[in-house]
Amino acid sequence: MPGYPQDILQNRSVVKHGNYAVITPQGRVINVIPGIEDCQMTILATPKMGASFVQLIGQLGANAKTTLAYGAKPHEEAFIYLLDGEAELKVTVGGESRALKQGGYAYAPPGAGIGFENINHQAGRILLYKQRYVEHPVGLKPYTVFGNVHEMEWADYDGMANVHIKDLLPVEQNFDMNMHILSFDPGASHNIIETHVQEHGAYVYEGQGCYLLDENWYLIKEEDFIWFGPYCKQASYAAGRGPFTYIYSKDCHRDVEI
């Protein structure tokens, strides 16, 4: 935030390069992203910390728009999610456009890119994501996806009725990634401490939790971003009186090249 400090300088963020990171709101700065106008963008995850993807959060201005499609290089696939607010975004992927409201999202296959425009000039926030697409060995190709989380049903996560998940992209080998929303009821937890090759970027938008990252437990709350590197031990408990919910990325459906 601009201006003089209002208290002693403090920040809960933790960055273990190549392993994991917790990025809290206190230390975020605004970044200029060429091709994005009237939008205060903060870069949350990049290969500079060890992530294989890039994730940003942005506060939309009244005239927020792109002048260059985001994630439009031939090897890049991209994703946008309208996190909150009253903004209505015209989102364009390739030659297809849709108007998205809160909870709306779009996936752009490699080379298509994402364009957007704030068409009702209201406030809102977006998450933007891009990563390098990994080709399927028999040539299956991903395709454009538009959707809204409010039009989807919750499913039980790993057979647990107190943990809920929504898959935002089709669970098909055409896609080498997915975006999910995971929500824990009060007191719920993962069923195991996970150790896997996939990495995640998770933006917490509801509640509080206690999260294991490698050997350390951290108190996590709404507006925190977490990056989990490959094979970083991870698990969480919902620690508040309400649900603990986050949207997260996952690489999937591909073998590992050597």
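Student: What volume does the largest cavity have?
Tutor: The model is predicted: local features need pLDDT of at least 70 and side-chain atom pairs count only at pLDDT 80 or more, whereas totals for chains, interfaces and linings use all residues. Residues are numbered from 1 along each chain as its sequence is written, and side-chain values use heavy atoms, with hydrogens and water left out. A cavity is a set of points on a 1 Å grid over the protein atoms alone where a 1.4 Å probe fits but cannot get out. The structure holds one cavity of 30 Å³ or more, and the volume of the largest cavity, the space filled by probe spheres set on the points, is about 60 Å³.

Student: Which elements give two or more residues to the lining of the largest cavity?
Tutor: Lining residues have an atom within 4 Å of a point, and here they include Phe79, Tyr81, Leu128, Tyr129, Ile247 and Tyr248. Strands are DSSP runs of E, at least two residues long, numbered from the N terminus. The elements that give two or more residues are strand 5 (76-85), strand 10 (124-132) and strand 20.

Student: How many residues in the lining of the largest cavity are charged?
Tutor: Asp, Glu, Lys and Arg count as charged; Ala, Val, Leu, Ile, Met, Phe, Trp, Tyr, Cys and Pro are nonpolar, and the others, Gly among them, polar. The lining holds eight nonpolar and three polar residues, and the number of charged residues is none.

Student: How many residues of strand 20 are buried?
Tutor: Strand 20 spans residues 244-251 and is mostly covered. Buried means under 20% relative accessible area with a 1.4 Å probe, protein chains only. Of the eight residues in strand 20, the number buried is six.

Student: Which residue of strand 20 stands opposite leucine 182?
Tutor: Two strands pair if DSSP finds at least two bridges between them. Strand 14 (residues 177-184) joins strand 20 in the antiparallel sense over eight bridges. Opposite leucine 182 stands tyrosine 246.

Student: In strand 20, what is the bridge partner of glutamate 206?
Tutor: Strand 15 (residues 200-206) is paired with strand 20 over four bridges, in the antiparallel sense. The partner of glutamate 206 in strand 20 is threonine 245.

Student: Which strands are the edge strands of the open sheet of order 17-16-19?
Tutor: This sheet has three strands with antiparallel pairing. Strand 16 (residues 208-213) meets strand 19 over five bridges, where cysteine 210 has tyrosine 237 as its bridge partner. Pairing on one side only, the edge strands are strand 17 (216-221) and strand 19 (234-238).

Key. Buried means under 20% relative accessible area, exposed over 50%, partly exposed in between (1.4 Å probe, protein chains only). On a 1 Å grid over the protein atoms alone, a cavity is a set of points where a 1.4 Å probe fits but cannot get out, and a pocket is an open set with protein on both sides within 12 Å along at least five of seven lines; lining residues have an atom within 4 Å of a point.
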